[in-house]
Amino acid sequence: MTQSTAQVHPAQAPVTDQPMLVVDDLRTVIQTARGPLKAVDGVSLILRKGEALGIVGESGSGKSVLGRTIMGLHRTEGPITVTGKVLLDGIDVQALERKQLTELWGSKVGMVFQDPLTALNPVKKVGVHLTETVRKHRGLNRAQARERALELLDLVGIPDSRRRIDQYPHELSGGMRQRVVIAMALANEPELLIADEPTTALDVTVQRQILDLLDRLRAELGMALILISHNLGVVAGRTDRVAVMYAGRVVETADARSLFTQPHHPYAEALLAAIPDLDEPPHLRLAAIDGSPPDMSAPPPGCRFAPRCRYAQDDCVAVAPVLDGPGGHLFACHHPVNAGSLPDERGER
Ligand SMILES: Nc1ncnc2c1ncn2[C@@H]1O[C@H](COP(=O)(O)OP(=O)(O)O)[C@@H](O)[C@H]1O
Ligand SMILES: [Mg+2]
């Protein structure tokens, strides 16, 4: 990859059918004191340009490790082994040198993390966070970088940007800080934004505002989006497709409408039933699914959800189901729910 490839503006990129992202049989194994932990265990995904994908699953299902591995933050080094492929607009992320990877961050792909506080340096002003990012990638002078920073603050809906730019992170509310973090991720117009639980640390009203902001930015900038959440409700209505993860694997993926109206994996069905009603006070919101995800350093054989599944039969414990299904609605289950909508051979119970 040459430097210029990484810095092509999306609007100038040649129109091709090349997917924005191809993830092929990705495995991220972390060495822990208790042995190897398969945090991501054979995930394959395709994301088209401009498309929005929701990745959903309970805490510990491997969503963040997947996001970080796609970014190239987890590489085969130290206690972490990555196998499989990640192609970002055709670029093999695992094959890049450090320096090339840094060029890729920002220009092709940006990431927003859950906690805006850890992403911001408390002793640096808002503007410095942004100007450092744009100067590094674009070679702008000081004044140009400041203008670009103001533009970015306006873009993410921060009012009074000329005052805000000279404030420190602690002078901003949680929602405003998250807007700054999003502005940083957008500074170099990435073609793909990975937002990992971008609103979990925020209160409900602000959550909606930030999610609406991501929606608007995606439409305005034409970028692809991966929205990661433990809550299916967060991705509802905001993504074209959804992938449900459980214990390091995708157990169901479909266009959002099919997944929400006709989930086939009992885990997806349970997640749907567990969508918290954000308008209820927290103590009235629906409880999580009974039981807990498996210990990922020793997952159960067969279907990993079987121990918690109310439909499980003997074959579920014996044989791991493969991800398959009709018309792009894929699920890994021997005994799918809502089977009436499936062709006969998959629908038998
Ligand atoms: N640096 C790490 N060291 C050890 N285990 C980790 C590390 N990062 C993640 N894990 C483990 O990998 C699994 C997946 O974690 P994660 O991707 O953070 O889940 P999620 O984002 O879905 O909540 C969990 O079992 C978690 O404990
Ligand atoms: Mg996470």
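**Core, sheet and ligand shell: how the labels are earned**

Mentor: In this predicted model, the largest nonpolar core has 88 residues, and Ala-183, Leu-192, Ile-194, Leu-225, Ile-226 and Val-244 touch the most other members. Helix 8 (residues 174–186) gives the largest share, eight residues.

Trainee: What makes this set a nonpolar core?

Mentor: Two tests. Members must be buried residues of the listed nonpolar types, and they must be joined through C-beta atoms within 7 Å. Leu-225 is one of the members that touch the most others. The core also draws at least three residues from each of domain 1 (3–108 + 190–347) and domain 2 (114–189).

Trainee: Which residues does Leu-225 touch, leaving aside those up to four places away in sequence?

Mentor: Ala-52, Leu-193, Ala-195, Leu-214 and Arg-218. A contact needs C-beta atoms within 7 Å.

Trainee: What share of contacts in the chain join residues at least 24 apart, among those between residues at least 6 apart in sequence?

Mentor: The share is 64%. Of the 349 residues, 42% count as buried. The secondary structure comes to 14 helices and 11 strands.

Trainee: Why is Glu-197 called buried?

Mentor: Glu-197 has 20 C-beta neighbours inside 10 Å. The cut-off for buried is 20 or more, so Glu-197 counts as buried. Glu-197 is found in the loop between strand 7 (192–196) and helix 9 (204–221). Its phi is positive, near 45 degrees, in a residue other than glycine.

Trainee: And Asp-160: buried or exposed?

Mentor: Exposed. Asp-160 has 9 neighbours inside 10 Å. The limit for exposed is 12 or fewer, so the label follows. Asp-160 lies in the loop between helix 6 (142–155) and helix 7 (161–164). Asp-160 is not a glycine, yet has a positive phi of about 60 degrees.

Trainee: Now the sheet. In what order do its four strands run?

Mentor: The order is 2-1-4-5, in an open sheet with antiparallel pairing.

Trainee: What makes strand 2 and strand 5 the edge strands?

Mentor: Strand 2 (35–47) and strand 5 (91–92) each pair on one side only.

Trainee: How do you know that strand 1 and strand 4 pair?

Mentor: Count the bridges. Pairing takes at least two bridges. Strand 1 (residues 21–32) and strand 4 (residues 80–88) are joined by eight, so they pair. They run antiparallel. Asp-24 has Lys-85 as its bridge partner in strand 4, and Thr-28 has Val-82.

Trainee: What makes strand 4 and strand 5 a pair?

Mentor: Two bridges join them. The cut-off is at least two, so strand 4 and strand 5 pair. Leu-87 stands opposite Asp-92 in strand 5. The hairpin of these strands has two residues between them, and there Asp-89 takes a positive phi near 50 degrees.

Trainee: Last, ligand 1. Which residues come nearest?

Mentor: Ala-39, Ser-61, Lys-63, Ser-64 and Val-65, of the 13 residues around ligand 1. Strand 1, strand 2 and helix 2 (63–71) each supply at least two residues of the shell. Helix 2 gives the largest share, three residues.

Trainee: How many of the shell residues are nonpolar, polar and charged?

Mentor: Five are nonpolar, seven polar and one charged. Lys-63 is among the nearest residues. Lys belongs to the charged class, so Lys-63 counts as charged.

Notes: Residues are numbered from 1 along each chain as its sequence is written. Chains are lettered from A and ligands numbered from 1 in the order in which they are written. This is a predicted model: local features need pLDDT of at least 70, side-chain atom pairs count only at pLDDT 80 or more; totals for chains, interfaces and linings use all residues. A residue is near a molecule or strand if its C-beta atom, placed from the backbone, lies within 6 Å of it. Two residues are in contact if their C-beta atoms, placed from the backbone, lie within 7 Å. Domain bounds come from an automatic or database domain assignment.
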